[in-house]
Amino acid sequence: MVSVKLKDINKKFSNTVVLNNMNLNVEDKEFFILLGASGSGKSTTLNIIAGLERATSGDILFDDKIVNSMSPVQRGIAMVFQDYALYPHLTVRNNIAFPLKMRKYTKDVIDEKVEEVAKTLGLEEYLNRYPRELSGGQAQRVSLGRALVRDPGVFLLDEPLSNLDAKIRNQIRVELKLIQQNLGKTFIYVTHDQQEAMSLGDHIAILRNGKLEQVGAPMEVYKNPRNEYVAAFLGEPVINFFEMVKDSGVYVSDDLIIKGINAEEKEINIGIRPESMKLKREKENDVELKIRPQTIESFGSYSVIIGKSKSNKEVRVRLSEDFDLHSKSEMALYISISDLYIFGKNGDRIDKN
Ligand SMILES: Nc1ncnc2c1ncn2[C@@H]1O[C@H](COP(=O)(O)OP(=O)(O)OP(=O)(O)O)[C@@H](O)[C@H]1O
């Protein structure tokens, strides 16, 4: 059983603040995601949890016990990295066995554990190969195997799938989720990929410039982003924004007219998810948006239309129905008032929270 807490963690490298008063609660047995753009402080956070890096101030707690001065080994963590970090001169079997040999287990126990892990990861037929004889996906499985064999309390994974091509990445992503569920262990996983975060995480923490923007279950954060940054970070295609000004109680821009919003602010920014735009008006007070379609991307089960609004803003629309682009020089889209996200001038959500 391992829960992990970060309490008021600050980290500076010389004079640069890299983590700014970070507070996090990772529950026992959950798949927890640290999501953020490059340089947001994800790896630094993970390294501080691991004990590879010391925080400038604040506490790390494992099961409510302060572990600030404990080494990674004492903390009982195992790490998996993007670049696999396998020993090139050792076979797959010996790479996986390595942590156990270091701990002086008997050969029989080591063999048994290695076989068990190899079976879990589908590596049985590769045990006698060297890392150079493996594909990226196989190498990452070995790296995972080396973590699994140690049976740690917490798994820390730093972008483990980002060196793999899309198909293998999706496959290992599913395997990883199943392994985590079967093991019932705490996983803390760093990624910059919002799709990976949404599909794997029980909870997601979104970092920006060393600060936490929002923490929550994936759909909770997706449906209820606290600010524009989070709304734009989650979702593919990305959310559309429209700056609006209040005029006689109605919010207007060159592209939209919105009645029936009860906001105090004179200037707001409206967010509309690409999947919230419909080809037919459903309610009388639906908001209308006209675009000139420019191009269409088809993904089989859905299409994304990229068009220009009246004010020449690029707009992305996601439709599940078939759509013949050539027949349209202009298309009208309808959005339910309840599907609008309303942000204030400072980027914070003002409609609900
Ligand atoms: N040892 C170091 N010395 C000085 N600055 C550092 C050091 N390690 C990291 N940084 C800085 O801290 C910030 C956060 O880095 P970190 O690696 O945690 O970000 P990240 O979100 O993991 O980024 P990426 O996705 O690119 O790996 C960056 O601006 C980085 O330049």
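Reader: How many residues of domain 1 are in contact with domain 2, and what makes a pair count as a contact?

Author: In this predicted model, 4 residues of domain 1 are in contact with 4 residues of domain 2. A pair counts because the C-beta atoms of the two residues lie within 7 Å. On the side of domain 1 that touches domain 2, the residues divide into 2 nonpolar, 1 polar and 1 charged.

Reader: Where do the two domains lie along the chain, and what separates their centres?

Author: Domain 1 covers 4–233 and domain 2 covers 250–343. Taken over C-alpha atoms, their centres are 39 Å apart. For the chain as a whole, the C-alpha trace spans about 80 × 45 × 35 Å along its principal axes. The secondary structure comes to 9 helices and 19 strands.

Reader: Let's turn to the helices. Why is H3 called roughly parallel to H5?

Author: Helix H3 (residues 92–102) packs against helix H5 (residues 136–148) at an angle of about 30°, and their axes are 7 Å apart. Angles under 35 degrees count as roughly parallel, and that makes H3 roughly parallel to H5. H3 passes H5 in a right-handed crossing.

Reader: Which residues of H3 and H5 meet there?

Author: From H3 come Val 92, Asn 95, Ile 96, Phe 98 and Pro 99, and they meet Val 142, Gly 145 and Arg 146 of H5. These residues divide into 5 nonpolar, 2 polar and 1 charged.

Reader: What makes Gly 145 polar in that tally?

Author: That is down to the grouping used, in which Gly is among the residues counted as polar. Gly 145 of H5 is part of this contact, so under that grouping Gly 145 goes with the polar residues.

Reader: And H4? How do you know whether H3 is parallel or oblique to H4?

Author: H3 and helix H4 (residues 107–120) pack at an angle of about 130°, with their axes 10 Å apart. Roughly perpendicular runs from 65 to 115 degrees and roughly antiparallel needs over 145. An angle of about 130° falls in neither range, and H3 and H4 are therefore oblique to each other. Here too the crossing is right-handed. The contact joins Arg 93, Ile 96, Ala 97, Leu 100 and Lys 101 of H3 with Ile 110, Lys 113, Val 114, Val 117 and Ala 118 of H4. Its residues divide into 7 nonpolar, no polar and 3 charged.

Reader: Which residues of H3 are buried, and what do they pack against?

Author: Val 92, Arg 93, Asn 95, Ile 96, Ala 97, Pro 99 and Leu 100 are the buried residues of H3. They pack against H4 and H5. After H3 comes Lys 104, whose phi is positive, near 60°.

Reader: One last residue, Lys 313. What decides whether Lys 313 is buried, exposed or partly exposed?

Author: The count of neighbours does. Lys 313 has 17 other C-beta atoms within 10 Å. Being buried takes 20 or more, and being exposed takes 12 or fewer. A count of 17 lies in between, so Lys 313 is partly exposed.

Reader: Where is Lys 313 found, and which residues does Lys 313 touch?

Author: Lys 313 is in the loop between strand S16 (303–309) and strand S17 (314–319). Not counting residues up to four places away in sequence, Lys 313 touches Asp 255 and Lys 308. The C-alpha atoms of Lys 313 and Ile 179, 134 residues apart along the chain, are separated by 44 Å.

Definitions and conventions: Residues numbered from 1 in each chain as written. Predicted model: local features only at pLDDT ≥ 70, side-chain atom pairs only at ≥ 80, totals over all residues. Axes fitted to C-alpha atoms, helices over the stretch in contact; angles between N-to-C directions. Helix = DSSP H or I, 4+ residues; strand = E, 2+ residues; numbered from the N terminus. Left-handed = near helix turned anticlockwise from the far one by under 90°. Domains from an automatic or database assignment.
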